[in-house]
Amino acid sequence: MSHSTVPRSSAEAGTPVKTAAASGDAAGPREKREKRVTGKLSLRHRFRRDRVLILMTLPAVLLLLVFNYLPILGNVVAFQDYDPYISDNGIVSILHSPFVGLENFQRIFEDSAFWNAVENTLVLFFVQLVLFFPIPILLALLINSVVRPRVRAVAQAVLYLPHFFSWVLVIAVFQQMFGGAGMLSQLLRQNGYDGLNIMTNPDTFPFLLTAQSVWKDAGWGIIVFLAALASVSPDLYEASAMDGAGRWRRMWHVTLPALRPVIALLLVLRVGDALTVGFEQILLQRDGVGPGAGEVLDTFVWWNGVRNQDFGYAAAAGLVKGVVSIGLVLAANKVAHLMGEQGVYQK
């Protein structure tokens, strides 16, 4: 007895088959979701998504453009014999001031006062790098080791308080302590010794500036390193303690590796800022020690530009300082990359 059967292929032929083109509409939302997950959105979609954040940052961006980037155009006076009294309008004065080419730069490299300012700047930078840079790290480790939160908060507040003092107040306090008529000199004289005037001693001036910076700004650096320490998981300390590691080994193998990226970033920024060592702090004390020991690049630019009104010459010195600072940032960031750290920007 024969049985009629329907061919499988004909039964399947009656059913519609979804092709890639027909299923394109169904796969569209999935592709869009994948783009959202992977971050491959168009500029218009990203702007609509982040429009609130963009509006929040817009005032800061405008301030940065107006006060930091637009003044860069004024560096053209470094190639001019700039005379601001040609017109009441600064732009008109720039347009009508004669160009002198590289004459101002030639004067700079032949000026012994400029090289003296460079030497003082580098000496002060190295002294502060060795004596000041590690202190916030050590204080942050010390505060982080305190068990009681109240004691930790009080110590952090006391160390951070001088950051709000002006340099005038800081220098006045040091003058009362270490000046010729200060407490230290009076104490020495009462005991039959000669008084000391550390505030006007050119030999100890870099160490004096470093001590002032430590007292005023060490608390600010502590906050940065404490924030980095707060991100370290307590499980790492517990695991290392279970393995028999003591306090010093936990600090060496857990705490310091957690601080290493932050230390590398701040070190790169500090090297890039090597030629800027505190304008207001040094200007207030420059006359006390004399320009031979108290002149740095910032005060050199101010003295020649504002006091001597040689604006083209001062602008050329400032431009040289800016170019060298950019080179130092790039070199320091390259060293950070070679050490396996991110630095200021990634590769």
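Phe99 sits in the loop that joins α5 (90–96) to α6. In this predicted model, Phe99 has a relative accessible area of 58%, which is over the 50% cut-off, so the residue counts as exposed. Leaving out residues up to four places away in sequence, Phe99 touches Val76, Phe79 and Gln80. With Gln80 the C-alpha to C-alpha distance is 4.2 Å, although Phe99 and Gln80 are 19 residues apart in sequence.

Gln80 also takes part in the surroundings of Asn104, a residue of helix α6 (residues 103–109). Asn104 has a relative accessible area of 5%; this is under 20%, and therefore Asn104 is buried. Which backbone oxygen does the side chain of Asn104 reach at 3.1 Å? That oxygen belongs to Gln80. A polar atom of the Asn104 side chain also lies 2.9 Å from the backbone oxygen of Ala78. Beyond its neighbours within four places in sequence, Asn104 is in contact with Val77, Ala78, Phe79, Gln80, Gly312, Tyr313 and Ala316.

The three residues for which accessibility is reported here are listed below.

| Residue | Location | Relative accessible area | Class |
|---|---|---|---|
| Phe99 | loop between α5 and α6 | 58% | exposed |
| Asn104 | helix α6 | 5% | buried |
| Gln309 | loop between α18 and α19 | 40% | partly exposed |

Gln309 lies in the loop between α18 (297–307) and α19. Its relative accessibility of 40% falls between the 20% and 50% limits, so Gln309 is classed as partly exposed. Most residues other than glycine have a negative phi. Gln309 is not a glycine, yet its phi is positive, at about 55 degrees.

The chain as a whole has 19 helices and 0 strands. Of its 347 residues, 28% are buried. The exposed area is about 22900 Å², and carbon and sulfur atoms supply 65% of that area. Among contacts between residues at least 6 apart in sequence, 64% join residues at least 24 apart.

In soluble globular proteins, nonpolar side chains tend to be buried together. The largest nonpolar core here has 19 residues, and Val277 and Ile282 have the most contacts inside it. Five helices each supply at least two residues of this core: α7 (112–131), α10 (167–178), α12 (205–230), α14 (247–272) and α19 (311–338). Which helix gives the largest share of this core? It is α10, with 4 residues. Not counting residues up to four places away in sequence, Val277 touches Thr121, Leu124, Phe125, Gln128, Arg270, Ile282, Val296 and Asp298. There is also a second, separate core of 16 residues, which includes Phe105, Phe114, Phe300 and Val320.

Helix α12 also packs against helix α9 (residues 149–160), with the two axes 7 Å apart and at an angle of about 140 degrees. The angle falls short of the over-145 range for roughly antiparallel and lies outside the other named ranges, so α9 is oblique to α12. On the α9 side, the residues that meet α12 are Gln156, Leu159 and Tyr160. Their partners in α12 are Gly219, Trp220, Ile222, Ile223 and Leu226.

Notes: Residues numbered from 1 in each chain as written. Predicted model: local features only at pLDDT ≥ 70, side-chain atom pairs only at ≥ 80, totals over all residues. Heavy atoms only, no water. Buried < 20%, exposed > 50% of the residue type's maximum accessible area, 1.4 Å probe, protein only. Polar contact = N/O pair within 3.5 Å; in protein donor to acceptor, adjacent residues only side chain to side chain. Contact = heavy atoms within 4.5 Å. Core = buried A, V, L, I, M, F, W, Y, C linked by side-chain atoms within 4.5 Å. Areas by Shrake-Rupley, 256 points an atom, 1.4 Å probe, with all protein chains shown as cover. Axes fitted to C-alpha atoms, helices over the stretch in contact; angles between N-to-C directions. Parallel < 35°, antiparallel > 145°, perpendicular 65-115°, else oblique.
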